[in-house]
Amino acid sequence: MVSSIVSDKPHANFVSLKLLPYMSTITKFVFALSLVPAFASPACFSAQARSGTAKGEEAHALLEWKSSFDNYSQALLSSWREDDCCSGRGIGCDSSGSVSELNLSNMILAGSLSKLNFTALSNLISLNFSANSLYGPIPSSIGDLSKLSTLSIFNNSLSGTIPPEIGKLSRLSILYLDRNRLCGTIPEELGMLYSLLNLTLYDNNLTGQIPTSLGNSSNLTFLALGQNNLVGSVPREIYALSSLTFLSLRLNKLTGSIPSSIGNLSSLNVLNFQSNYLSGPVPQEIGRLKPLAKLALSNNNFSGPIPMSIGNLTALTLLVLASNNFSSSIPEEVGTLRHLKELCLSENSLNGSILRSIGNLIKLIVLSLHYNHLSGLILDEMNNLRTLRHISIGENKLIGRLPDNLCLGGLLENFTAPNNHFNGHLRKSLKNCSSLLRIRLEGNQLTGNLTEDIGAYPILKYMDLSYNRFYGELSSKWGFSHNLTSLRISSNNISGGIHPMIGNMTELRVLDLSSNYITDRLPMELRRLTSLIELDLHDNKISGNVPPEIGHLSTLEKLDLWSNKFGGSIPKQLGQCRSLWNLNLSNNEIRANIPSEIGNLQFLRDLDLSHNFLAGKIPQSIGKLTILEVLNLSQNSLSGFIPQSFNNMLGLVSVNISHNDLEGPIPNIEAFRDAPYGAVASNKAGLCGVVAGLKKCFEKTYSEKGNKFMILVILLPVSFILLTSLFIGVFLLACQTGNRAEQDSLEAQVRGDAFAI
């Protein structure tokens with residue numbers, strides 16, 4: 001620059017010459033000025049002051065909010081400092097040092113948003129407070145965050161309404177408020193968020209209708225409003241959002257039908273309308289959603305046939321149409337959906353047979369067709385489905401044999417085919433299917449020897465083979481099913497005894513072997529089934545005593561041993577089963593008294609000891625069963641009086657004490673007042689009281705203790721009076737005899753004196 005001055009203009013050279021003596025000083029001054037920043041001007045100094053103040057306000061707002069947290073939450077944010085808030089945990093700053101991002105997700109922070117001064121954080125671009133324990137309302141001041149593009153506060157405990165001021169956040173592209181406790185309606189102002197891409201409000205308590213203004217958010221790709229209480233129909237504007245890839249409105253109270261405009265959602269990957277009140281047919285236009293991978297319309301009122309155009313959805317991996325009113329047959333086109341992994345058409349009115357083409361769905365994992373009107377055979381093509389884990393074909397009209405190779409892939413976990421007309425033996429692949437967790441085949445005509453046809457299932461949890469024609473004995477192999485929680489084989493032709501290995505099934509909660517031909521005694525190993533809730537062995541030929549070890553089953557709620565050949569007495573240890581609500585020992589050969597420990601079963605609702613040989617008196621302790629509803633003691637040899645404690649049994653609805661030797665008054669409670677005469681018939685003639693057909697009782701107490709007391713009260717004074725009278729009579733008689741002797745003596749003396757004279 002100096003050289004240019006020197007070289008270009010004469011006037012400049014003159015000035016240079018004049019200033020030459022001062023050049024050194026001028027150069028130093030200019031150099032010093034160059035070191036001063038541009039904002040050193042008064043205006044710049046003012047901007048610097050403002051910037052420092054803004055940063056101080058941001059830090060103060062954050063620290064003030066932190067101070068409102070509990071001690072644990074404050075400790076998590078110990079790195080927050082006023083002099084350097086940008087280095088604090090979860091805080092991000094822009095190039096100027098202003099807070100632009102807050103990410104405090106998954107920290108279990110407990111506090112309220114109302115304590116946070118959003119106005120001081122005007123440069124925020126992203127706010128993520130998800131997965132914490134924040135509570136209270138969302139402040140309306142959140143609308144002041146004009147630069148915000150991401151707002152994520154899902155999975156907290158926020159309450160109150162969604163503030164309409166959120167509609168002012170014109171740059172917002174992500175809004176996640178799901179899994180809170182928000183209520184009220186969805187504000188129309190959300191339709192002003194023209195940049196919005198993702199909106200999730202599911203799992204709250206929102207009410208009202210879906211606002212039509214959401215149709216203005218034409219860039220919306222992800223919309224999830226499920227698990228609320230939204231009503232009305234789905235606005236047609238929603239079906240115009242052609243950018244949508246995900247639409248879920250499940251678990252609401254939406255009504256109306258799906259319009260043909262559903263075909264406009266040509267980018268949709270997921271459509272979930274489950275659990276609403278939608279009705280009408282599913283339009284053929286649904287077949288235009290070529291990218292659709294998951295379609296779930298279950299638990300609605302859709303009707304008519306399944307549209308054939310569904311075969312166009314070749315990308316489908318999940319098709320769930322269960323619990324509707326679909327009719328007609330399953331369209332052949334379903335067999336072309338070769339990527340399908342889950343096919344659920346259960347609980348409809350579908351008829352016809354199971355498609356042969358279903359055998360083409362070689363990726364299928366779940367097949368659910370139960371509760372329809374399907375008929376015919378299961379074809380061999382089903383054996384192609386080697387990846388199946390869950391098959392549910394129960395409650396239909398299917399016939400023939402079970403498929404040969406259902407478990408050939410070794411993956412089958414759940415096989416349920418109850419209440420059909422299947423016959424023949426269990427297939428070999430099922431016998432060796434060690435992957436089974438659950439099997440239900442009840443209500444068919446299956447046959448075979450259980451000892452031979454049933455294998456060892458190490459992870460099996462549930463088995464029901466009831467109401468078939470299986471025979472043989474219970475094999476010791478059952479003892480290897482350590483995880484089994486429910487075993488039902490009622491109403492078959494099982495014989496022999498219960499193998500002691502049953503004691504190894506320690507997770508068992510339900511054991512139902514009723515209506516078979518099981519014999520012998522109950523094994524003592526039953527006491528090891530300490531998780532048992534229901535034990536049903538009725539209608540067999542089991543003998544011996546009811547084992548006292550049954551008292552170890554403290555969780556037992558239902559015990560049915562009726563119609564067997566049990567003898568002996570009722571074990572008093574039964575009183576330790578304090579969770580029992582149903583106890584039926586009827587139609588056995590049990591003798592002796594009813595143990596008083598029965599009164600400990602205070603949750604008992606149904607007690608049936610009828611048709612035995614029970615003797616003695618009804619124990620007073622039965623009156624402690626205050627919530628008992630049904631009591632049957634008929635057809636025994638019980639005697640004495642009905643305890644007065646029965647007056648406490650106000651929950652009793654049905655009672656039968658007929659065919660015993662009872663006497664005295666009937667308790668004056670509703671169950672007896674409403675009972676027919678047959679419920680008290682064939683007792684002693686002294687039975688009296690409120691039942692129609694019985695004679696009335698005299699006005700005196702007939703309880704045993706009362707009778708004894710009254711007898712004592714009457715006999716003691718009577719005896720005293722009789723004894724006293726007898727004593728007085730004897731005394732008077734003795735006195736009278738003495739007087740007569742004295743009188744005779746005097747008379748003799750008088751007579752002697754007279755002769756003497």
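This short talk walks through the overall make-up of the model, then its salt bridges, and then two buried residues, Ser 368 and Ile 590.

Before I start, please keep in mind that this is a predicted model, in which local features need pLDDT of at least 70 and side-chain atom pairs count only at pLDDT 80 or more, while totals for chains, interfaces and linings use all residues. Residues are numbered from 1 along each chain as its sequence is written, and side-chain values use heavy atoms, with hydrogens and water left out.

Let me begin with the whole protein. Its secondary structure comes to nine helices and 49 strands, where helices (H or I, at least four residues) and strands (E, at least two) are DSSP runs numbered from the N terminus. Of the 757 residues, 46% are buried; by that word I mean under 20% relative accessible area, with exposed being over 50% and partly exposed in between, for a 1.4 Å probe and protein chains only. The protein exposes about 35600 Å², of which carbon and sulfur atoms supply 55%, and these areas come from the Shrake-Rupley method with a 1.4 Å probe, where for residues only the protein chains shown count as cover. Among contacts (heavy atoms within 4.5 Å) with a separation of 6 or more, 46% are between residues 24 or more positions apart.

Now to the charged pairs. The whole structure holds 13 salt bridges, each being a side-chain nitrogen of Lys or Arg within 4 Å of a carboxyl oxygen of Asp or Glu. One of them joins Glu 442 to Arg 440, with the closest N and O atoms 2.4 Å apart; here Glu 442 is buried at 8% relative accessibility, whereas Arg 440 is partly exposed at 23%.

A second pair is Asp 512 and Arg 488, whose closest N and O atoms are 3.5 Å apart. This pair links distant parts of the chain, as Asp 512 sits in strand β36 (residues 510-512) and Arg 488 in strand β34 (residues 486-488), 24 residues apart. Asp 512 is itself buried, with a relative accessible area of 8%.

A third salt bridge brings together the side chains of Glu 629 and Arg 605, at 3.0 Å from N to O. Glu 629 lies in the loop between β44 (615-617) and β45 (630-632), and Arg 605 in the loop between β42 (582-584) and β43 (606-608), so this pair ties together parts that are 24 residues apart in sequence. Glu 629 is partly exposed at 33%, and Arg 605 is partly exposed at 37%. Finally, Arg 81, Asp 83 and Asp 84 are linked in a network of salt bridges.

Turning to Ser 368, we find this residue in strand β24 (residues 366-368), buried at 9% relative accessibility. What does its side chain make a polar contact with? The partners are the side chain of Ser 346, at 3.3 Å, and that of His 370, at 3.3 Å. A polar contact here is a pair of N or O atoms within 3.5 Å; within protein, one must be able to donate a hydrogen and the other to accept it, and residues adjacent in sequence count only if both atoms are side-chain atoms. Leaving aside neighbours within four places in sequence, Ser 368 also has contacts that include Leu 343, Cys 344 and Ser 392.

My last residue is Ile 590, placed in the loop between β42 and β43 and buried at 1% relative accessibility. Not counting residues up to four places away in sequence, Ile 590 touches, among others, Val 546, Phe 566, Ile 570, Leu 585 and Phe 613. The C-alpha atoms of Ile 590 and Lys 565, 25 residues apart along the chain, are separated by 8.4 Å.
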